[in-house]
Amino acid sequence: MFFDRPSKGERTILLSVRFDKLSATDHDLVEFSQLADSAGLAVIRTHSVRREAPHPATCIGPGKVSELQDAIRLEKLDLLVLDHELTASQQRKLELELKVRVMTRTELILHVFEDRAQTHEGKLQVELAMLSHAQSRLVRGWTHLDRQRGGIGLRGVGETQISLDKRMLQKRVQVTQARLKKVQQQRDRQRQQRTRKRVPTVALVGYTNAGKSTLFNALTRANVYADDRLFATLDPTVRRLEASTEQEILLVDTVGFIRDLPVELVAAFRSTLEEVTRADLLLHVLDATEPKLDEICQAVKATLEQIGAADLPTITVFNKIDLAPDIALRRTDAICASAQNRIGIEALRDQILNNLYGLHQRYLTELKPNEGKIRSLLYDMHVVEHEEICGDGSSRFTLNLKADQASHLVETYKLRLHG
């Protein structure tokens, strides 16, 4: 934002804001505190306030502002974080009244994402999200540069500073979008290659901090970063499922969801979230120890609907079952597992294979010597059980195919299959 602001420190006061007419949800100071901890902030005090409607000047009203002034002076705090959105003028007014930096929940999440991004694509996506957010936050803070005067011989007072700021931001957004598009085209080519080879993809989705990365490591023998913090994983990771079958299956570890995920993040991370929308199967990972499971499920479903993935086949996985063993008795419709202790991992693998491939059937087919591309495709699909080379250079195959694979080969490549 383009105005002089108080410097941001780490001694933080959290303020949860709810409005009876706008939201029926309760204050969730636990998740709010976890977000602040993930951002590296030192939370000294937490407050909550409920009003009938937002105060037009400060959102929280003069009484709460006075209370916060006393707390900030007493505890020597230097940052206020609200879990509610503010207009640019409200944020500016609060900073003038409190003499500390004021940050919204969206800005807090953006700060966490900026810290977590590791890959080039992830950094570009975070930059785009931050620029998009900043475009809506411009205020007239540079009063001494309110208008830029024209040069010698030019009339008029020139262009307003806020117009210059908007134009500069728009240019940076366009440059970032162009750079991100190049990276997205590379990701699209990788997806097309997987589609051509008919390699199924399984995406792990769920609320942040549910243990998706730990489960991902257990299923693939990978060693991706996993930590008991919100948004520990930001950049998507693709690895092959470790299984006894020769069928190749790819697992994708994706960014965790959260209630009311900011629109800027959904838009900026569209290419990353497309890994979810184009998956053949979803693993919805839930923390079995979470006391608000129903609310968490609704938050994940809302995000899946927002990105167009709500109708994809899904396996529900209750993770951390070793810490909540009673849930296995109540939820027989899901897989119960402990990624940390490798409980239920084999059962989950079997369920994945059954959902993706189901019943297979053996087929016989023959390829001519000039059909090498189809032969290569069959091996890429990992469906060849046996190949016999004939004297004339042709090959006879025994294939193990699922019904949809068989129809795809017949329709697309005119392959002659005999059951």
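Q: Where in the chain is R342 found?
A: R342 sits in the loop between β12 and α12. The model is a predicted one.

Q: Why does R342 count as partly exposed?
A: Its relative accessibility is 33%. Buried means under 20% and exposed means over 50%. R342 falls in between, so it counts as partly exposed.

Q: What makes the phi of R342 worth listing?
A: Phi of R342 is near 60 degrees. That is a positive value in a residue other than glycine.

Q: Which residue just after α7 has a positive phi?
A: R221 follows α7 and takes a positive phi of about 60 degrees.

Q: What is the phi of C59, and where does C59 lie?
A: Phi of C59 is near 75 degrees, again positive in a residue other than glycine. C59 belongs to the loop between β2 (42–51) and α2 (62–75).

Q: Is C59 buried or exposed, and why?
A: C59 has 1% relative accessibility. The limit for buried is under 20%. C59 therefore counts as buried.

Q: Why is G393 called partly exposed?
A: The relative accessible area of G393 is 37%. Partly exposed lies between the buried limit of 20% and the exposed limit of 50%. G393 fits that range, so the label follows. G393 lies in the loop between β14 (384–389) and β15 (395–402). Its C-alpha atom is separated by 9.2 Å from that of N370, a residue 23 positions away along the chain.

Q: Why are α7 and α12 called roughly perpendicular?
A: Helix α7 (residues 212–220) and helix α12 (residues 345–357) pack at about 80 degrees. Angles of 65 to 115 degrees count as roughly perpendicular. The two helices are therefore roughly perpendicular to each other. Their axes are 10 Å apart.

Q: Which residues make the contact between α7 and α12?
A: L215, A218 and L219 come from α7. I345, L348 and R349 come from α12. By class, the contact has 5 nonpolar, no polar and 1 charged residues.

Q: What makes α7 a mostly covered helix?
A: 8 of its 9 residues are buried. Among them are K212, F216, N217 and T220. The cover over the buried residues includes β7, β8, β9, β10, β11 and α12.

Q: How many strands form the sheet that holds β10, and in what order?
A: 6 strands form this open sheet, ordered β8-β9-β7-β10-β11-β12. Its pairing is mixed.

Q: Why do β8 and β12 count as edge strands?
A: Each of β8 (237–240) and β12 has a single partner strand, so one side of each is left without a neighbour in the sheet.

Q: Which helices pack on this sheet, and at what angles?
A: α7 touches β7, β8, β9 (250–253), β10 and β11. Its direction makes about 160 degrees with that of β9. α10 touches β7, β10 and β11. The direction of α10 makes about 150 degrees with that of β10.

Q: How do you know that β11 and β12 pair?
A: A pair needs at least two bridges. 2 bridges join β11 to β12 (residues 335–336), so the condition is met. These strands run parallel. V317 has I335 as its bridge partner in β12.

Q: How many bridges pair β10 with β11, and how many pair β7 with β10?
A: β10 (residues 281–287) and β11 (residues 314–319) pair in the parallel sense over 6 bridges. L286 has F318 as its bridge partner in β11. β7 (residues 201–206) and β10 pair, also parallel, over 5 bridges. Here L204 stands opposite L283 in β10.

Q: Which elements make the right-handed β-α-β unit?
A: β10, helix α10 (residues 293–307) and β11 make it.

Q: In what order do the strands of the 3-stranded sheet stand?
A: The order is β13-β15-β14, and the pairing is antiparallel. β13 (360–367) and β14 are the edge strands, as each pairs on one side only. The twist averages 20 degrees from one strand to the next.

Q: How many bridges join β13 to β15?
A: 8 bridges join these antiparallel strands. H360 stands opposite K402 in β15.

Q: Which helix lies across β13, β14 and β15?
A: Helix α13 (residues 372–380) does, running at about 150 degrees to β14.

Technical notes:
Residues numbered from 1 in each chain as written. Predicted model: local features only at pLDDT ≥ 70, side-chain atom pairs only at ≥ 80, totals over all residues. Heavy atoms only, no water. Axes fitted to C-alpha atoms, helices over the stretch in contact; angles between N-to-C directions. Helix = DSSP H or I, 4+ residues; strand = E, 2+ residues; numbered from the N terminus. Parallel < 35°, antiparallel > 145°, perpendicular 65-115°, else oblique. Contact = heavy atoms within 4.5 Å. Nonpolar A, V, L, I, M, F, W, Y, C, P; charged D, E, K, R; others polar. Right-handed = clockwise from strand over helix to strand, strands pointing away. Buried < 20%, exposed > 50% of the residue type's maximum accessible area, 1.4 Å probe, protein only.
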